[in-house]
Amino acid sequence: MQEIYNAIQSAAIKIDYAIKHEDTGYSDNQNSTGDIQLKLDIHSDNIIEEIFAPITSVKALASEEKAEPVTVHEEGRYLIGYDPLDGSSLADVNLSVGSIFGIYENDYSGKNLKAAAYVVYGPRVEMVTADEEGVKLFRLNADHTFAFIRDIKLEAKGKLNAPGGTQKNWLPHHKALVEHFFAEGYRLRYSGGMVPDLHQILLKGGGIFSYPGTSDKPAGKLRKVFEVFPFAYIYEKAGGEAIDGKTRLLDLSPEHIHDTTPCFFGSKEEIQKVRNAYANH
Ligand code: AHM
Ligand code: MG
């Protein structure tokens, strides 16, 4: 696993450089979800593929930016599901963005995640890893190495609320749930980038991030393999929970590599409130 974390660090240094110095404009390509790709999306994807392809423990690479997984070593053990640059359009307005990695075995189902990691490119570059040893925060130093900062643990209850999705299309029970959190004193912390939004909740001890199913998109927006399962794994290992409203996210499997799901990540108390609000829907 260390070899894979090292590869993530090498890729992060190059992607950070690209974000800071390269063109943030659109390319002429569309990805399989129909989004027009930014030049930065394509470049970040290429950086990760180039760094991961030689690693013999890696069997295949599945990128949010490609229609199908690419097999690199038939005998390899791990399948890497990754979003090379999540929230990439935020780079243009100088907000934080991130890269997300799920390290799977056998197939890309939630139960087969062995580790997960993300990198957040903000005022500082930080990497968070999660595996059997827990959740750990690392920070990039001036000498291009990542230093361990601390372990990450969620409290049973937090203070932050990050409600995603278009409010006009929220279902009534979801709207009531979000309003309930605000009425209880939760503070709004939402940038529109799931990596910095989930990072803030993790580092500040807890809260709730939601990206629900909406009237126009019943299965939500966020993709199971590249975004949702890795963060569900990280939140569980930090002592929190992650559900789709009713079901534990890591009990789900994708029918297709680009499948999406409604998702809620948070501390235990907030997730119990989500369960109660969604029980009859
Ligand atoms: P992307 O992978 O195309 O960048 O989309 C994922 C991002 C998440 O970071 C964020 O939570 C969500 O999209 C916000 O989407 P929207 O503004 O469309 O609600
Ligand atoms: Mg994404």
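## Tour: two domains and a magnesium site

Start with the two domains: their centres, taken over C-alpha atoms, are 21 Å apart. To colour them, select residues 2-151 as domain 1 and residues 160-278 as domain 2; these bounds come from the domain assignment. Now show where they touch. Domain 1 gives 42 residues to the contact, and domain 2 gives 28 residues. Keep in mind that this is a predicted model.

**Whole chain**

Switch to cartoon. The protein chain has six helices and 15 strands. Its radius of gyration is 18 Å, close to the 19 Å that the globule rule gives for 281 residues, so the chain is as compact as a globular protein of that length. Turn it along its principal axes: the C-alpha trace spans about 50 × 40 × 40 Å.

Add a surface. About 12,300 Å² is exposed, and carbon and sulfur atoms supply 48% of that area. Of the 281 residues, 54% count as buried. For a contact map, take pairs of residues at least 6 apart in sequence: 60% of these contacts join residues at least 24 apart.

**The magnesium ion**

Select ligand 2, the magnesium ion, and show its protein donors. They are Glu64 (OE), Asp83 (OD), Asp86 (OD) and Glu227 (OE), at 1.9 to 2.8 Å from the ion. Along the chain, the donors follow the spacing E-x18-D-x2-D-x140-E. Pick out Glu64 and Asp86. Glu64 sits in the loop between strand 3 (58-63) and strand 4 (70-71), while Asp86 belongs to strand 5 (residues 78-86), so this pair ties together parts that are 22 residues apart in sequence.

Are Glu64 and Asp86 buried or exposed? Glu64 counts as buried, at 5% relative accessibility. Asp86 is buried too, with a relative accessible area of 8%. The cut-off for buried is under 20%.

**Ser63**

Step back along the chain from Glu64 to Ser63. Ser63 lies in strand 3. Its relative accessible area is 2%, so Ser63 is buried. Draw a distance from the Ser63 side chain to the backbone nitrogen of Glu65: it reads 2.9 Å.

Which residues touch Ser63, leaving aside neighbours within four places in sequence? Select Asp45, Tyr82, Pro84, Phe226 and His258; each is in contact with Ser63.

**Last view**

Show the magnesium ion with its donors Glu64, Asp83, Asp86 and Glu227. Then add Ser63 with its contacts, among them Tyr82 and Phe226.

Technical notes
Residues numbered from 1 in each chain as written. Chains lettered and ligands numbered in written order. Predicted model: local features only at pLDDT ≥ 70, side-chain atom pairs only at ≥ 80, totals over all residues. Heavy atoms only, no water. Donors = N, O, S within 2.8 Å, 3.2 Å for Na, K, Ca; no water. Helix = DSSP H or I, 4+ residues; strand = E, 2+ residues; numbered from the N terminus. Buried < 20%, exposed > 50% of the residue type's maximum accessible area, 1.4 Å probe, protein only. Polar contact = N/O pair within 3.5 Å; in protein donor to acceptor, adjacent residues only side chain to side chain. Contact = heavy atoms within 4.5 Å. Rg over C-alpha atoms; globule rule 2.2 N^0.38 Å. Areas by Shrake-Rupley, 256 points an atom, 1.4 Å probe, with all protein chains shown as cover. Domains from an automatic or database assignment.
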